[in-house]
Amino acid sequence: MPQNFYELVWIFIIYAFIGWCAEVAYAALNTGKFVNRGFLNGPYCPIYGCGVVIVVGALTPLKENLFILFTGSFLLTSVLEYITGLILEQMFHNRWWDYTDKPFNIKGYVCLKFSVYWGLACTFIMDILHPMIYRVITIIPYTPGVILLVVFFGVFMVDLCITVSTILKFNRRLKMMDEIAAQIHKISDEIGENIYENVIEAMEVSANIQEEHAEIIDKITSSANETKERWNEKAEETKAKINESVEQTKERWSESTETAKARINESVEQTREKWSEKAEEAKARINESVEQTREKWNEKAEETRKNREEKRQKREELRREYTKMLEHNNAGFIRLLKAFPRMKSKDNNEVLEKFKENLKK
């Protein structure tokens, strides 16, 4: 049982280092390579130091009862791990470990499997390891021991500041990349909508032209029919006059016939001229309408093309920036991702997963 704050601090430091060694060994067994585990850069895991300090302080009087020792260690370390995970997530918006795929977990912060491991480990520490370590602590001269503690905590605080700064930069990068990805998606949607609107507009313009031309053709057809009816009426009238003239006098037959023929020819010629004039007029109107529509459509198409090209260039710039940020090898970021391979981001998890995939490559 620690007798003063000095011994308590030494217990924290030693077990923080032992915990780091245990994490590195566990990672080496799983991955076959060295991984600097832990929240900080140095060779220590503060959560292990805190856990052992709590267990030693709370359970030393009960250490003779193994069942109580194991149960107390199981509960205390589980509560510590749950609170630590919750606080770190609230502070940095990242979940550093996640047990949601493990059976009997509580919100992913703790699970039965590792809580049992902590309980067994603390039972072993209290019964076998801690008496030897405590004996070593009592042997260390007080003054050199204090100096070592001051040096350690100086390094510890610098490491903590560097780690917090790295995490904040990492979160800012994730946020920036998420915003860039959203802009890329928005621009792509705008380009697609722009193409869709142009196709619909072209179809509408084509329909309007066809409708206008159909209207003009209907007018021409109607005019031709009216002319034809008038021609038929005049032809019948002329025929009646010719018959009447034949009955009245055969002598004037030749003269009347020539006159009727002349009148018919004159009427036909007038009708042909009117028809040609109307046809030319209709053709001119159609050509003028088509030309105006073509000019407007060309201006609109050119404007749309420039707008679409600008958006495509902007999208490519954003993609290059996104790729550059994704592939930027920051040592601090890489260490965090390797130390916490199951890390999840509360706000930008999709980008974080891409970082992990890129790290594996």
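Is the crossing of H2 and H4 left-handed or right-handed? This tour of a predicted model begins at that place.

**First stop: H2 and H4.** Select helix H2 (46-59) and helix H4 (residues 112-139). Their crossing is right-handed. The two helices pack at an angle of about 65 degrees, and their axes lie 11 Å apart. Because angles from 65 to 115 degrees count as roughly perpendicular, H2 and H4 are described in that way. Next, display the side chains of the contact: Tyr-48, Val-52, Val-55, Val-56 and Leu-59 belong to H2, while Trp-118, Cys-122, Ile-125, Met-126 and His-130 belong to H4. Nine of these residues are nonpolar, one is polar and none is charged.

**Second stop: H3 and H4.** Keep H4 in view and add helix H3 (residues 66-92). Here the axes come within 8 Å and cross at roughly 125 degrees; the pair is therefore oblique. This crossing, too, is right-handed. On the H3 side, the contact includes Phe-70, Phe-74 and Glu-81; on the H4 side, Trp-118, Cys-122 and Asp-127 are among the residues involved. By class, the contact has 10 nonpolar, six polar and two charged residues.

**Third stop: the largest nonpolar core.** This core has 53 residues, and those touching the most other members are Phe-39, Trp-96, Phe-170, Met-177, Phe-340, Met-343 and Phe-355. Among the elements that give two or more residues to the core are H3, H4 and helix H5 (142-248). H5 contributes the most, with 11 residues.

**Last stop: Trp-96.** Centre the view on Trp-96. Which residues does Trp-96 touch, not counting those up to four places away in sequence? They are Phe-39, Leu-88, Ile-167, Leu-336, Phe-340, Arg-342 and Met-343.

Methods: Residues numbered from 1 in each chain as written. Predicted model: local features only at pLDDT ≥ 70, side-chain atom pairs only at ≥ 80, totals over all residues. Heavy atoms only, no water. Axes fitted to C-alpha atoms, helices over the stretch in contact; angles between N-to-C directions. Helix = DSSP H or I, 4+ residues; strand = E, 2+ residues; numbered from the N terminus. Parallel < 35°, antiparallel > 145°, perpendicular 65-115°, else oblique. Left-handed = near helix turned anticlockwise from the far one by under 90°. Contact = heavy atoms within 4.5 Å. Nonpolar A, V, L, I, M, F, W, Y, C, P; charged D, E, K, R; others polar. Core = buried A, V, L, I, M, F, W, Y, C linked by side-chain atoms within 4.5 Å. Buried < 20%, exposed > 50% of the residue type's maximum accessible area, 1.4 Å probe, protein only.
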